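Please open the model in your viewer, with the sequence panel beside it, and follow the stops below in order. At each stop there is something to select, followed by a description of what is there.

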Amino acid sequence: MKALKHVLLINPTITSRRSARFPLAVLNLSAALDGSYASSIIDGNIDRDFVATTLRTLAGGSIDAVGISVMGGPQLRNAIRVSQEIRARFPAVPIIWGGHFPSICAEPALNTPYLDYAVRGQGEDTLRELLDAIFGGGDLGAIAGLSWRSGGQVVHNRSRAFSAASLTRTLPYERAGDPRNYVARTFLGRRTTGYQAALGCRFRCTFCGVASMFRGKTALPPAARLDQDLRYLTTQLGVDAVQFFDHNFFDREQDTAPLLEVLAKYQLPWWCFARSDALLNLSEQSWALVRKSRLRMAYIGAESPSDWLLHDVRKGTSTDQTLAAIEKCRSNGVIPELSFMLAPPHDPEGETERTFDFIRHVKRIHPKTEIMLYIYAPLPPAPGSTNLHVERAVANLRDSDGAPLVFPSTADGWAEPQWLSYWCHTDVPWLNERMRRRIRDFTTVLGCRFPTITDVRSASWSKLALRTLASWRYRFQRYERPWELTLSKKLIRLADPRVTGL
Ligand code: B12
């Protein structure tokens, strides 16, 4: 029998070893290739010298192609680094990128010498068809979801239709190495895993990467699949808590309720992404299951205190719903974790101040509410996007001097520090120094006054010290230059869940 071609799948470093969770993208791809191609995985979150390991593996001579998972932000830098090394040392090996960065920025990704193919959106079928074409011959132009170079031009094939096929596969967890590397102590439990149950999201918020990947489509897994996976994770890996990486866990009640039944059976403390409207639409019966299942925290995109802005970004929820969802969570023992997008371009200052006021209001009604602050940073539309709202969102962006904003045209450009910050929602060109400082100062004072419960590393006495130190500033709204808090925060090394996750 002819040996199968072998694909090396790489998850470049994006976080610390301690914060590493199962690399779900490459595990899903590996499962989908089974039977057609052999595959192995290198995870840069665990293997801190993953570039050297990659080169050693390629030197072994058995690898026929390399697939790299790339999220914008810090992972992009590491993806570039490993791709450049592979290209320099093994120029004949095809290099394929997939994930959120090439899905949106396929053109900049291919405007580089170290990448051959960019896969947009869900990768399982596109990757298999691409490998078939590379090794068996075939029409690259016919592969949906692929961007490639033809005669020096970048070509974007049509987008691939949504597929729920991955919900039928079992993940080969052991292929990512010792599974113990991926279960960690968090505020949820001593052995927390990351897990994805549902795929996609039916909403198309203009600012969200999930919308550009799934274009308003979603599918929930059958309850039996969740049951089977939780049985494996608890009995084989000793998992005692789950962080759901679903794009949006709560969907229509009739579809979500069977999953809640399974979770209520296992009673593992859990965390998930949720929308305020979906939570408010749940019946009392479902809330009883939520309580029984031990949902500890729900991450809700509050985004803004202005209903017109929520409408503008096509969020589909209102500020009243945000406040009502906080109350719903509070009365059911769930901590709401609200994320906000500061400084939208039309009135960065006014909107930011209104958001600060809204957050103070939220903290008054439910002090345990967790707050995640991001800066509004809309990304360009993905190739093939038909969402005019996304185009509109980036059409008239300007920097702080009023000059039109031009997005980078290469992956290396996107890896420059200011664009990494843009992708990570931590800085945008239309902010002036004063606003940057204001946002930084407020974030510091708020974070010290209400240290996140998700930080299990800092001792409780140190969090108490921070709270006390920050209380007068927060009370009197004296946010400016909180040098003593910045210093203490550094000494205590307070974790930032925006960067590390739980
Ligand atoms: C877990 C996670 C993280 C973890 C990383 C994992 C870990 N702890 O080990 C951490 C916490 C580090 C993280 C960080 C960030 N994240 Co994050 N993260 C996620 C999350 C919740 C799950 C990712 C996941 O596993 N998905 C499941 C897998 C199966 O899906 P997938 O990765 O999309 O893979 C599919 C396709 O993309 C494609 N594909 C992927 N790789 C490849 C490779 C090849 C070769 C091919 C062919 C295809 C392919 O095929 C896969 C299967 O269909 C997603 C939300 C979500 N539900 O996806 C956000 C998400 C991916 N993160 C996002 C962002 C923006 C970030 C940050 C860059 C910024 C931020 N502030 O959040 C930071 C960077 C932080 C930093 N270091 O400064 C955005 C991306 C949006 C975008 N436009 O880029 C998402 C979608 C959240 C959101 N709604 O905004 N993140």
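Is Glu480 buried, partly exposed or exposed? Select this residue and show its surface: at 39% relative accessibility, Glu480 counts as partly exposed. Bear in mind throughout that this is a predicted model.

**Stop 1: salt bridges**

Keep Glu480 selected and add Arg478, since the side chains of these two residues meet in a salt bridge, with N and O 3.1 Å apart. Arg478 is partly exposed, with a relative accessible area of 43%. Side chains of opposite charge can pair when their charged atoms come close. The structure holds 23 salt bridges, and two further examples are worth selecting.

Go next to helix α8, which covers residues 223-237, where you will find both Arg231 and Asp227, four residues apart and thus about one turn of the helix from each other. A salt bridge links Arg231 to Asp227, and the closest N and O atoms are 3.8 Å apart, a distance that falls within the 4 Å cut-off for a salt bridge. The two partners differ in their surroundings, for Asp227 is buried at a relative accessible area of 15%, whereas Arg231 counts as partly exposed at 43% relative accessibility.

Now move to helix α6 (residues 124-136) and select Asp125 and Arg128, which are three residues apart in this helix and therefore separated by about one helical turn. These residues also form a salt bridge, in which the closest N and O atoms are 3.0 Å apart. Arg128 is partly exposed, its relative accessibility being 23%.

**Stop 2: the two domains**

Colour residues 6-156 as domain 1 and residues 184-396 as domain 2, the two domains into which the protein chain is divided. Their C-alpha centres lie 29 Å apart. Where the domains meet, 13 residues of domain 1 are in contact with 22 residues of domain 2. The size of an interface is often given as the accessible area lost when the parts come together. Here domain 1 and domain 2 bury about 1400 Å² between them, and 67% of that area is on carbon and sulfur atoms. To see where the share of domain 1 comes from, select Arg21, Leu24 and Ile104, which together supply 43% of the area that domain 1 buries against domain 2, more than any other three residues.

How many salt bridges does the rule find across the interface of domain 1 and domain 2? The count is zero, while one residue pair is in polar contact between the two domains, with both residues at pLDDT 80 or more. On the side of domain 1 that touches domain 2, the largest share, three residues, comes from helix α4 (residues 100-104). The residues on that side of domain 1 divide into four nonpolar, six polar and three charged.

**Stop 3: Glu337 and its surroundings**

Select Glu337, which is found in strand β14 (residues 335-342). Is this residue, Glu337, buried or exposed? Glu337 counts as buried, because its relative accessibility is 1% and the cut-off for buried is under 20%. Show the side chain of Trp271 as well, as a polar contact of 3.0 Å joins it to the side chain of Glu337. Leaving aside residues up to four places away in sequence, Glu337 touches Trp271, Met297, Ala298, Tyr299, Ile300, Glu370 and Met372.

**Stop 4: two positive phi values**

Most residues other than glycine have a negative phi, and most peptide bonds are trans. With that in mind, select Ala343, in the loop between β14 and α14 (348-365), where phi is positive and near 55°. Ala343 is buried, with a relative accessible area of 0%. Then select Arg314, in the loop between α12 (307-312) and α13 (319-331), where phi is likewise positive, at near 60°. Arg314 counts as partly exposed at 35% relative accessibility.

**Stop 5: Arg440**

Finish at helix α18 (residues 433-449), where Arg440 has its place. Arg440 is partly exposed, with a relative accessible area of 47%. Add Thr426 to the selection and draw a distance between the C-alpha atoms: Arg440 and Thr426 are 14 residues apart along the chain, and their C-alpha atoms are separated by 9.6 Å.

How values were computed. Residues numbered from 1 in each chain as written. Predicted model: local features only at pLDDT ≥ 70, side-chain atom pairs only at ≥ 80, totals over all residues. Heavy atoms only, no water. Buried < 20%, exposed > 50% of the residue type's maximum accessible area, 1.4 Å probe, protein only. Domains from an automatic or database assignment. Contact = heavy atoms within 4.5 Å. Buried area = accessible area lost by both parts, 1.4 Å probe. Polar contact = N/O pair within 3.5 Å; in protein donor to acceptor, adjacent residues only side chain to side chain. Nonpolar A, V, L, I, M, F, W, Y, C, P; charged D, E, K, R; others polar.
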